[in-house]
Each structure stands twice: as structure tokens, then as C-alpha cells.
Amino acid sequence: MFRIRHAEFLAPGIKRFVIEAPRIARKQEPGQFLILRIYEQGERIPLTIESSDRAGGTVSIVVQAVGKTTHLLNSLQTGDSIADVVGPLGKPSEVAKFGTVVVVGGGVGTAMAYPTAAALKHAGNLVISIIGARSKELVLLESEMRAVSDTLLVTTDDGSHGQKGLVTDRLRELIEQGTPIDLVLAVGPVVMMRAVAELTRGPQIRTVVSLNPIMIDGTGMCGGCRVLVDGKSQFACVDGPEFDAHRVNFDVLVQRNAMYHEAERRSMEEFARGREREEHKEQEVEESAQSEEPCSVLQGGEQ
Ligand SMILES: Cc1cc2nc3c(=O)[nH]c(=O)nc-3n(C[C@H](O)[C@H](O)[C@H](O)COP(=O)(O)OP(=O)(O)OC[C@H]3O[C@@H](n4cnc5c(N)ncnc54)[C@H](O)[C@@H]3O)c2cc1C
Ligand code: FES
């Protein structure tokens, strides 16, 4: 069992967990992920390691609740345990002195890009970060990203924080202004990574994306995470998750990620119904306890 040393919400539906996993913490490098299973019969899900504390023997992850397993995970609290945590998995990010690097993080992708942004800054690059979310309360790790960036640009879809618009609007501006860019790293929803790839293809700016196909074993055995890169099959769990954005076939990625949507929807609905039933039961117990209380007070008064 892997104990949760600390759990806190960073934004609505997005929670950070610090998990005791000393062996993973010792080996983790930026860009790598872990696969966890909350309980023995549970689903295995991949999550990027946001940071690790080698001395303290912990790793942290940032989880956005999107379906059954991530909702269940985000209901866990400090002191709870997770059945299995395997990692670090995947190839670490390529970290070198490239020159000027633009890091683009969309939604929870910001937390996934953070360790690599920090390592790129540490390697002597000039780091321009563009982070975005739907609205102010969903902007993640703003101060952490500011600390590892020479320039930080924030966007929100509704304009409630930073500049109104998409992260790609700011990237487009940088390119149009003639900012010399040696590398772009984009991490976030597939639609965002694909848009970044299209923006940088023309000016031939080297661009890396961190792909998020469905993963099962994470060791290159099951083929679940197959992606098409340069027309060839690659396994994102062992050959990635980072790939050259201009060589990725995003159509195939979108298609493969949609394969289980119906099953995922049913599973989430069932989970939500179960939760409702539990809440209802808890409410009934509470109500009956409350209705018994005056009685005992009365009995006390009668003595
Ligand atoms: C390398 C990698 C790193 C990731 N890092 C993070 C992270 O740091 N934080 C975070 O919030 N999310 C991360 N994800 C996405 C996360 O794994 C999914 O959100 C999670 O698996 C959804 O499971 P669910 O049961 O809650 O949702 P479901 O309802 O089962 O699925 C919702 C969507 O999540 C994706 N998904 C479902 N199962 C898997 C699976 N086994 N593997 C991959 N994707 C799946 C699919 O696109 C699916 O449509 C990462 C994915 C990959 C591949
Ligand atoms: S998750 Fe099974 S091969 Fe990658």
C-alpha cells in the first residue's frame, strides 16, 4: 500500500497528492509518469509525476477528475492509501540548452509540463511559459510556473484572469512578432497540442508534445497506447510519452481515445448513482440520529 501523505484541492475538481513512494522518488526524471490502481480490482490509470522529494521519499501528482477512477481518486484524503503505484515510466523529457523555449500548458497539462519547464530553466534556457485554462479558478501552478520562467503569460477562455483567449493565441503572437524560438513544448488536451503543432509547422519550430493515449500496462506489452508517428506505430508508454509534434498523427490519437467513450460514460453514471445512494443513506442515518436526540435530552430532563 502507498500512503497519501498529503492531499489538497488546487482548483475545483483538481487535486494534488503527495504519495509515499521512495523507490519511484529516487529514480524519477521530468516527463515521466506513474500508473496507479486505487484498489485491487480497480482500473490502472497513468498520471504524470509533478515532482519528487528524494530525501522525503515522496512523489506528487495532480489529478483532474474526468471519469470514475479520477473522481474516486480525488475523494481520497491525507492518510488514505493507494493499492499499487508503478513507476517511473516512460522516457524522461529531453533536457538540454536549446536557447529559447516556449512551454505551453493547457488545463492540468500545466502541472504535467511543470517539471520539464523547471529542468529546462535549470539547464540555462530562456523559458517563456504560456499557461491557460477555462477560467481563473482553474489556472494551475501559476506561482510555481512563474518561478521557473523568464516570462509567464496567462490566458483564460472567459477573460477572468490574464488575457482573454487561448494559449495558442499568445503563441501565434510570439511567432508573428518574430520572437526567436528554438523549441516549443506543449502539454494539454489533444486539440490544443494539435493546434500548437499546426502553428509551428510552417515556421519549422521544433515542437514536442506529451501524448495521452489510453494506457494499460505501461510497459510496452499490451499495445493499448499505440500512436502513429511518422506513419509508424509507437508505444507512448515506452517510446514516449513525448514525441515530435510534426510527426504525430493526431487523427488516429483522437479516434483511439474515443473508442471507450460509451463504456466510460456508463461507468461514470453508475459511479455517480452509487455515490448518490450512499449520500442518501448517510443523510437518513444523520436525520434519524437527530430525531432521537431530543428524546434522550427529554429522558435526561425527566430523571
Ligand atoms: C502519460 C499520461 C500522463 C497523464 N498524466 C495526467 C496527469 O498528470 N493528471 C491528470 O489529471 N490526467 C493525466 N492523464 C490522463 C488520465 O490518465 C486520465 O484522465 C484518466 O485515466 C481518466 O480515467 P477515468 O476513469 O477517471 O476516466 P474515464 O471516464 O475512464 O476516461 C475519461 C478519458 O480519460 C482518458 N483515459 C481513460 N482511461 C485511460 C487510461 N487507462 N489511460 C490513459 N487515458 C485514459 C480517455 O481519454 C478517456 O476518454 C495522463 C495520461 C497519460 C497517458
Ligand atoms: S500501455 Fe500497454 S503498450 Fe503502452
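Where does Pro-241 lie? This proline is found in the loop between α7 (236-239) and β16. The peptide bond that leads into Pro-241 from Gly-240 is cis, with omega near 15 degrees. Keep in mind that the model is predicted, and every value below was computed from that model.

There is a cis bond in front of Pro-88 as well: the link from Gly-87 has omega near -5 degrees. Pro-88 has its place in strand β7. Another backbone oddity to look at is Leu-141, which isn't a glycine but still has a positive phi, near 45 degrees. You'll find Leu-141 in the loop between β9 (126-133) and α4 (142-147).

**The two sheets**

Let's start with the sheet that holds β7. It is an open sheet of seven strands, and going across you meet β6-β1-β2-β5-β4-β3-β7, with antiparallel pairing. The edge strands are β6 (81-82) and β7 (84-89); each has a single partner strand, so one side of each is left without a neighbour in the sheet. That puts Pro-88 in an edge strand. Further in, strand β2 (residues 14-20) runs antiparallel to β5, and seven bridges join the two. Within that pair, Val-18 stands opposite Ser-60 of β5.

The other sheet is open too, with seven strands in the order β11-β10-β9-β8-β12-β13-β16, but here the pairing is mixed. At its edges stand β11 (163-164) and β16 (242-244), each with a single partner strand, so one side of each has no neighbour in the sheet. A parallel pair in this sheet is β8 (residues 100-106) with β12 (residues 183-187), held by five bridges. Val-103 has Leu-185 in β12 as its bridge partner.

Then there's a hairpin made by β14 and β15, with two residues between the strands. In its turn, Asp-230 has a positive phi of about 60 degrees. The strands, β14 (residues 226-229) and β15 (residues 232-235), pair in the antiparallel sense over four bridges, and Val-227 faces Gln-234 in β15.

Here are the strand pairs side by side:

| Strand pair | Sense | Bridges | Facing residues |
|---|---|---|---|
| β2 and β5 | antiparallel | seven bridges | Val-18 and Ser-60 |
| β8 and β12 | parallel | five bridges | Val-103 and Leu-185 |
| β14 and β15 | antiparallel | four bridges | Val-227 and Gln-234 |

**A helix pair**

Helices α5 (residues 167-176) and α6 (residues 190-201) pack with their axes 10 Å apart, at an angle of about 15 degrees. That angle makes α5 roughly parallel to α6. As for handedness, the crossing of α5 and α6 is right-handed.

**Around the ligand**

What surrounds ligand 1, and which residues are the closest? The shell has 27 residues, and the closest are Ile-45, Gly-67, Thr-69, Thr-70 and Glu-264. Two or more residues each come from β4 (44-53), β5 (58-64), α2 (68-74), α3 (109-122) and α9 (261-302). So β5, already met as the partner of β2, also gives residues to this shell. By class, the count is 16 nonpolar, eight polar and three charged residues.

Why does ligand 1 lie between domain 1 and domain 2? Because domain 1 (2-89) and domain 2 (100-210) both give residues to the shell around ligand 1.

Terms used:
Residues numbered from 1 in each chain as written. Chains lettered and ligands numbered in written order. Predicted model: local features only at pLDDT ≥ 70, side-chain atom pairs only at ≥ 80, totals over all residues. Pairing = 2+ DSSP bridges. Near = placed C-beta within 6 Å. Nonpolar A, V, L, I, M, F, W, Y, C, P; charged D, E, K, R; others polar. Domains from an automatic or database assignment. Axes fitted to C-alpha atoms, helices over the stretch in contact; angles between N-to-C directions. Parallel < 35°, antiparallel > 145°, perpendicular 65-115°, else oblique. Left-handed = near helix turned anticlockwise from the far one by under 90°.
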